[in-house]
2 protein chains.
Amino acid sequence: MLSVPEAQQRLLPEMYPLLQSRYRILQTVQLMQPIGRRTLADSLKMTEREIRKETDILREQGLLDSQKSGMVCTDDGEVVIDKLRALVYEWSGLTQLAKLLENHFDLQHVIVVPGDYNEDDTILTLLGKEAAQQFMSTSFDGQIVAVTGGKSVASLAQFLHPTDTHNITFVAARGGIGHEMQMQANTLVSTFAMQMDAQYRTLFLPEHLSEQAYQAMLTEPMVTEMMKYYDHANCVIHGIGSAEEMAVRRNSSPEDLRILEEKGAVSEAFGYYFNAEGEIVHRIRTIGIQFEQVRRSKQVIAVAAGKQKVKAMLSYFKVAPKQTIFITDEVAAKAIAESLSS
Amino acid sequence: MLSVPEAQQRLLPEMYPLLQSRYRILQTVQLMQPIGRRTLADSLKMTEREIRKETDILREQGLLDSQKSGMVCTDDGEVVIDKLRALVYEWSGLTQLAKLLENHFDLQHVIVVPGDYNEDDTILTLLGKEAAQQFMSTSFDGQIVAVTGGKSVASLAQFLHPTDTHNITFVAARGGIGHEMQMQANTLVSTFAMQMDAQYRTLFLPEHLSEQAYQAMLTEPMVTEMMKYYDHANCVIHGIGSAEEMAVRRNSSPEDLRILEEKGAVSEAFGYYFNAEGEIVHRIRTIGIQFEQVRRSKQVIAVAAGKQKVKAMLSYFKVAPKQTIFITDEVAAKAIAESLSS
DNA sequence: ATATAGTGGGACGTAATATAACCCACCACT
DNA sequence: AGTGGTGGGTTATATTACGTCCCACTATAT
């Protein structure tokens, strides 16, 4: 039997793509407000005219407001976005995709965000929004949150805000001093903490330690303190990297690169490298959270998107903790689904 | 707070008239199938091109099928029509209109069908469909149904079909031999009975009897039998006429016409004439069901539509039995609502 | 058997609309 | 004070929608 929305879609087939595109526009305005026509058109890979036509209608409907500084989403607009999210995701097959991944990888929850991470600038923002929402909706007093680096994890920052929970502590999941300060764990924990009026602990350490230096560090007070935090972490927020990409970004030694290639490393997460079968084949020699500690954590939020990371995801999720909440984009999810069915 | 359909409508305001017109087309095809583009266009007062565009889409969606003899509604199409009826009526404000009349006239149920009885040929069919549905859904074994004449009542015929109830008897609510055989009570009861595999009783009598003839008739066996039926009628299906119209159609005597005008007759139902206050001011002198017998009937179905009958409706419903189910068209309902608010 | 009214599909010139690419005055930052 | 981004306006052009016929066919009624 047909449901009413199905019947409606049957009678008005052209409604579906229209709704989807208009929803996307309104959603993007909400995320990037205030924003102008041209910037919006660039961001969504649409023509200025198309944007103009749709925004005119949205403005007429009172979902959008045009100010001197650009277009902003009205309160009504936000309500509409919230109300229709489930419907749009359902129609786009995103819910089904999510369920598929959820079952296959045996994860707690999977959220698939519409669009292509590589094509659309707003996807990263969407990922962050969903992830932040997931995190905040389950946060509790005295929570200890381990956070890794990376663009995906960084995307949460703008959506974190103080909740009625207190005494949350963000800790950098790994020590490190890198080039891209903006994306580093140490930077992120301080940003996150600031957004949420919470505490944070950083760990500034060289990325690659010699065996002696490593052993020496283990007894340092600041390190033992961090280890204690790692042991009591209630939540881990992390990204998933493709092995090559990560190794290059960390400008690993030629020796390390050789080892990684030799051992068939495909994915990386919290300093561990996994091969295609999900086995740990290497670990960055630095202070950081242990995989076992991640496994014991009550909640794990994994954020990763983009087609280029599909292989890495397929590898890592062979061993990922079951309590993981995974947030990704449509393109990656579809690619995963395809590789599973073939 | 906004509901999902409301939010949808907010985001896609142009969807509403489109849905409405497309629904109307599909509905009309169902009622008049097989039907061609041009006939359909004439019937709906639309251009052929518009009909063509919409039917092309409907055909593509598998809701319609084009045969040599014309377009027909597929099974899927009928399902879609059923599923969306409530939604379309709701959006058109028909449900609200119906509730308004229901409350004001204190009736059991009011159904308002979209469109203008005078403009659109399909409205009569729609009225009949709804009325027939109401009747059949409440029919029971051994039911005695009194039926009057008129186009509105006749419209039920094509939608009546055998149900799992037995021993239904249709009886002509009034005796009569008129010109328009197709619309006469005697003709209708036989048609209704044939459609439903039921019994029927007719009463062929002159319309206007002299006092002596009337008194003589009362003792006739066929008349007394009918009287007994009237007394046990469980259901009355009738139309509502405007007084002038009816009097003319029945080519009443100049004397009667004078009396009617003098007494301010506005509406007519089962041979009774009512003035604007709903008081009985006249009665056709012929054998027929008594108003008191109608009042005692378990169910009363009144069918009447068209702007020209609004005054009559306003008059009759001042005294209509509370168990009446009233089926009318949008234009009439709106006119009534307006006259109530002013 | 034949006439006729009605059918779906096709075609075409025209009218209406959408489109892309600008310009402009203005504002908020830097 | 400069500069990049903003919404609004405009215009020639491309595209689509539209109304209106024509055609071959068929089912029904005469």
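Start at DNA strand C: sugar or phosphate supplies 46% of its atoms within 4 Å of the protein, and bases supply the rest. Keep in mind that this is a predicted model.

**Stop 1: the protein around strand C**

Select the residues that surround DNA strand C. There are 19, and the closest are G36(B), T39(B), R52(B), G70(B) and M71(B). Colour this surface by class: two residues are nonpolar, seven polar and 10 charged. Now switch to secondary structure. At least two residues each come from α4 of chain A and from α3, α4, β1 and β2 of chain B.

Three polar side chains deserve a close look here.
- Pick T47(A): an N or O atom of its side chain is 3.0 Å from a phosphate oxygen of DNA strand C.
- Move to K53(A), where a polar side-chain atom lies 3.4 Å from a phosphate oxygen of the strand.
- Then take R38(B). An N or O atom in its side chain is 2.9 Å from a base oxygen of DNA strand C.

**Stop 2: the protein around strand D**

Select DNA strand D next. It is surrounded by 19 residues, with G36(A), T39(A), R52(A), T47(B) and R49(B) the closest. Of the strand D atoms that come within 4 Å of the protein, 47% are in sugar and phosphate.

Zoom in on the contacts.
- At I35(A), show the backbone: an N or O atom there lies 3.0 Å from a phosphate oxygen of DNA strand D.
- At R52(A), show the side chain. One of its N or O atoms is 2.4 Å from a base nitrogen of the strand.
- At E48(B), a polar side-chain atom lies 3.3 Å from a base nitrogen of DNA strand D.

Zoom out to the elements. Two or more residues each come from α3 (37-44), α4 (48-60), β1 (64-67) and β2 (70-73) of chain A, and from α4 of chain B. Which element gives the most to the surface near DNA strand D? It is α4(B), with four residues. By class, this surface holds two nonpolar, seven polar and 10 charged residues.

**Stop 3: helix α4 of chain B**

Stay on α4(B) and select residues 48-60. The helix has 13 residues and runs 18 Å from first C-alpha to last, close to the 18 Å expected at 1.5 Å a residue.

Show the side chains. I51(B), E54(B), T55(B), I57(B) and L58(B) are buried. Why do they sit on the same side of α4(B)? They cover an arc of only 155 degrees around the axis. Turn to the other side of the helix, where R49(B) and E60(B) are exposed. R49(B) has already appeared among the closest residues to DNA strand D.

What do the buried residues of α4(B) pack against? Select α1 (4-11) of chain A, then α2 (15-32), α3 (37-44), β1 (64-67) and β2 (70-73) of chain B. Past the helix, stop at G62(B), whose phi is positive, near 75 degrees.

**Stop 4: Q108 of chain A**

Finish at Q108(A), in the loop between α6 (94-105) and β3 (109-113) of chain A. Is Q108(A) buried, exposed or partly exposed? It counts as partly exposed because its relative accessibility is 46%.

Display its surroundings. Leaving out residues up to four places away in sequence, Q108(A) touches E102(A), K322(A), Q323(A), T324(A) and I325(A). For a last distance, pick A132(A): 24 residues separate it from Q108(A) in sequence, and their C-alpha atoms are 16 Å apart.

Notes
Residues are numbered from 1 along each chain as its sequence is written. Chains are lettered from A and ligands numbered from 1 in the order in which they are written. This is a predicted model: local features need pLDDT of at least 70, side-chain atom pairs count only at pLDDT 80 or more; totals for chains, interfaces and linings use all residues. Side-chain values use heavy atoms; hydrogens and water are left out. The expected span of a helix is 1.5 Å times one less than its number of residues. Buried means under 20% relative accessible area, exposed over 50%, partly exposed in between (1.4 Å probe, protein chains only). The arc is that of the directions from the helix axis to the C-beta atoms. Contact means heavy atoms within 4.5 Å. A residue is near a molecule or strand if one of its heavy atoms lies within 4 Å of it. A polar contact is a pair of N or O atoms within 3.5 Å; within protein, one must be able to donate a hydrogen and the other to accept it, and residues adjacent in sequence count only if both atoms are side-chain atoms. Ala, Val, Leu, Ile, Met, Phe, Trp, Tyr, Cys and Pro count as nonpolar, Asp, Glu, Lys and Arg as charged, and the others, Gly among them, as polar.
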